[in-house]
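Q: I am new to this structure and would love a close look at a single part of it. Could you pick out how the helices pack towards the end of the chain, and then set that beside the rest?

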Amino acid sequence: MRKIFNEVASLDKKCYEKFSLNEELLMEHAALALKKDIKKNIKAFDSTVLIVCGVGNNGADGVTLARLLQNEYKNIHIYIPFELKSQMAILQYKRLKLLGLNFIKDLNKVKKVDCIVDCLFGSGLNKPLNEETNTIIDKLNEFNSYKIACDIPSGIDNKGVIKTTAFKANKTITMGALKLSLFTDSAKEYIGKLKVANLGVSDIIYENDSNMFLLEKKDLKLPFRDTKNSHKGSFGHACVVVGCKKGAGVIASSAAFNFGAGLVTAIVHEELQLPYYIMQSHKLPSNVTAIALGMGLGLYDKNELKQILNTNVAKVIDADLFYEELLLDYLNQEIILTPHPKEFCSLLSLAKLADINIDTLQNNRFEYVKMFCKKYPKVTLLLKGANVIICQNDKLYVNTLGTSALSKGGSGDVLSGLIVALLAQGYNYLQSAINASLAHTLVAKKFQGNNYALTPKDLIKGIKSL
Ligand SMILES: NC(=O)C1=CN([C@@H]2O[C@H](COP(=O)(O)OP(=O)(O)OC[C@H]3O[C@@H](n4cnc5c(N)ncnc54)[C@H](O)[C@@H]3O)[C@@H](O)[C@H]2O)[C@@H](O)CC1
Ligand SMILES: [K+]
């Protein structure tokens, strides 16, 4: 996993003060990182590279890049639509002028371009884009070229919000370290592949401590069985409470069994047609080690719910329970909650933390997750979305590995099943949420069929051979 920061200006400052680096040196490295990627992906000398530069230091990165690319490509177009403001941009521009490179005045005259580098705005975007800038970005997005965003796609602000439009990158090369603004759900549409550029000192030196992390494929710890002398009880007994919409609980039960739970029981009120390996019971068995509750619950007897919630074993809570006030009584203990945005809005309202709509939540996902976990530090919260956020107390993790293939009914039920399987097998709350989420998204990523066709059954099948 990699650390994520709210901002990196303080890390740049540390480089100047502690390691005697300076702005020019960092910028040279920023531009070098851009150059390296272009050279790797755009091979032919007669290719056209268009560099679009804004008024600040993001623009200065672009102007510096133009200098470094001179003689590497025959056609380098530099487009500077507005008067440069930052001292570094003016200095780099002066150098470029002395080298006699090509500036273009009218973007409409550019017909074919192999690579576009967006250096319009970086971390300094602090107000909505004007009409002219929107038009420029929309025009750039129309080109069928390899598109690189310098630091962050222009149009995404430092909270990760897109007010009007944004540059749609194939790759974002972010400077120094990962920033939180790159990981909102709306930013995901624009970021493309994400790479961190080293600015002249190693990551270990550049970065400070952080409580926020980006999860990576290599963080996944599958529940492989290392013991030789074991029996089914060694791997826990997961129970899934099946509600009115029975499919949800059935999917979760099946996912739990396939993810290694030694025993799985569906808690049902009537006999169901279930795979032979899923047991059925009206009551929780005495040897239960973990419970999944809430998916497809519908109307359920409150006393029975309380009885289940009062059982002293690990629990993952989903769906309909996020609309039940009684859940509040269980938030001061260790528990996993897996709401989607609408359910989280309900939860925030029940907890009297905020009365907000989904748009407000989505534009401030990290803030509300942190607010909730501050009030309930024992809860492990997994907020679903294009980028999943997992938070416990002051530690926050982002999983960006999900794809839109997962946007289907039943995907969340599989996730609850995977989580309860890991809880049953003795993973702690945080590790259960992290590893189940990683497994869930990686299976979807590996899916061989068309991305509209993934079913819960495919997910459960994929988990067998991840
Ligand atoms: N040490 C550093 O400062 C380094 C900075 N680097 C680059 O510098 C960037 C940050 O530079 P800046 O702080 O100059 O910020 P930007 O280059 O993102 O732009 C800030 C400028 O744009 C103006 N502006 C903001 N929003 C606007 C809008 N909507 N319409 C019109 N003008 C607007 C501001 O008034 C300011 O003049 C980073 O993203 C990164 O690319 C890198 O070179 C690495 C080192
Ligand atoms: K940019």
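A: Here is a walk through the helix packing, followed by the domains and the ligand. Please keep in mind that this is a predicted model.

Let's start with helix α13, which spans residues 411-424. One of its partners is helix α15, residues 456-463. The axes of α13 and α15 come within 9 Å and cross at roughly 30°. Angles under 35 degrees count as roughly parallel, and α13 and α15 are therefore roughly parallel to each other. The crossing of α13 past α15 is right-handed. On the α13 side, the contact uses S411, D413, V414 and L418; on the α15 side, it uses P456, L459, I460 and I463. Sorted by class, the residues of this contact are 6 nonpolar, 1 polar and 1 charged.

Now turn to another partner of α13, helix α14, which covers residues 429-446. Here the axes are 9 Å apart and the helices pack at an angle of about 135°. That angle makes α13 oblique to α14. As for handedness, α13 passes α14 in a right-handed crossing. From α13, the residues V414, L415, L418, I419, L422 and L423 take part. They meet S432, A433, N435, A436, S437, A439 and H440 of α14. This contact has 9 nonpolar and 4 polar residues, with no charged ones. If you look for V414 and L418 in the model, you will find them in the contact with α15 and also in the contact with α14.

Where does this part sit in the chain as a whole? The domain assignment gives domain 1 as residues 2-210 and domain 2 as residues 218-463. The C-alpha centres of these two domains lie 40 Å apart. Their contact draws 8 residues from domain 1 and 9 residues from domain 2. On the domain 1 side, helix α6 (residues 185-191) gives the largest share, with 3 residues. That side of domain 1 divides into 4 nonpolar, 2 polar and 2 charged residues.

Finally, have a look at ligand 1. It is surrounded by 28 residues, and the closest are G56, N57, N58, G122 and G124. Helices α2 (23-41) and α3 (57-69) each supply at least two residues of this shell. By class, the shell around ligand 1 holds 11 nonpolar, 11 polar and 6 charged residues.

Terms used
Residues are numbered from 1 along each chain as its sequence is written. Chains are lettered from A and ligands numbered from 1 in the order in which they are written. This is a predicted model: local features need pLDDT of at least 70, side-chain atom pairs count only at pLDDT 80 or more; totals for chains, interfaces and linings use all residues. A residue is near a molecule or strand if its C-beta atom, placed from the backbone, lies within 6 Å of it. Helices (H or I, at least four residues) and strands (E, at least two) are DSSP runs, numbered from the N terminus. Ala, Val, Leu, Ile, Met, Phe, Trp, Tyr, Cys and Pro count as nonpolar, Asp, Glu, Lys and Arg as charged, and the others, Gly among them, as polar. Domain bounds come from an automatic or database domain assignment. Two residues are in contact if their C-beta atoms, placed from the backbone, lie within 7 Å. Axes are lines fitted to C-alpha atoms, for helices over the stretch in contact, and angles run from 0 to 180 degrees between N-to-C directions. Angles under 35 degrees count as roughly parallel, over 145 as roughly antiparallel, 65 to 115 as roughly perpendicular and the rest as oblique. A crossing is left-handed if the near helix is turned anticlockwise from the far one by less than a right angle, and right-handed if clockwise.
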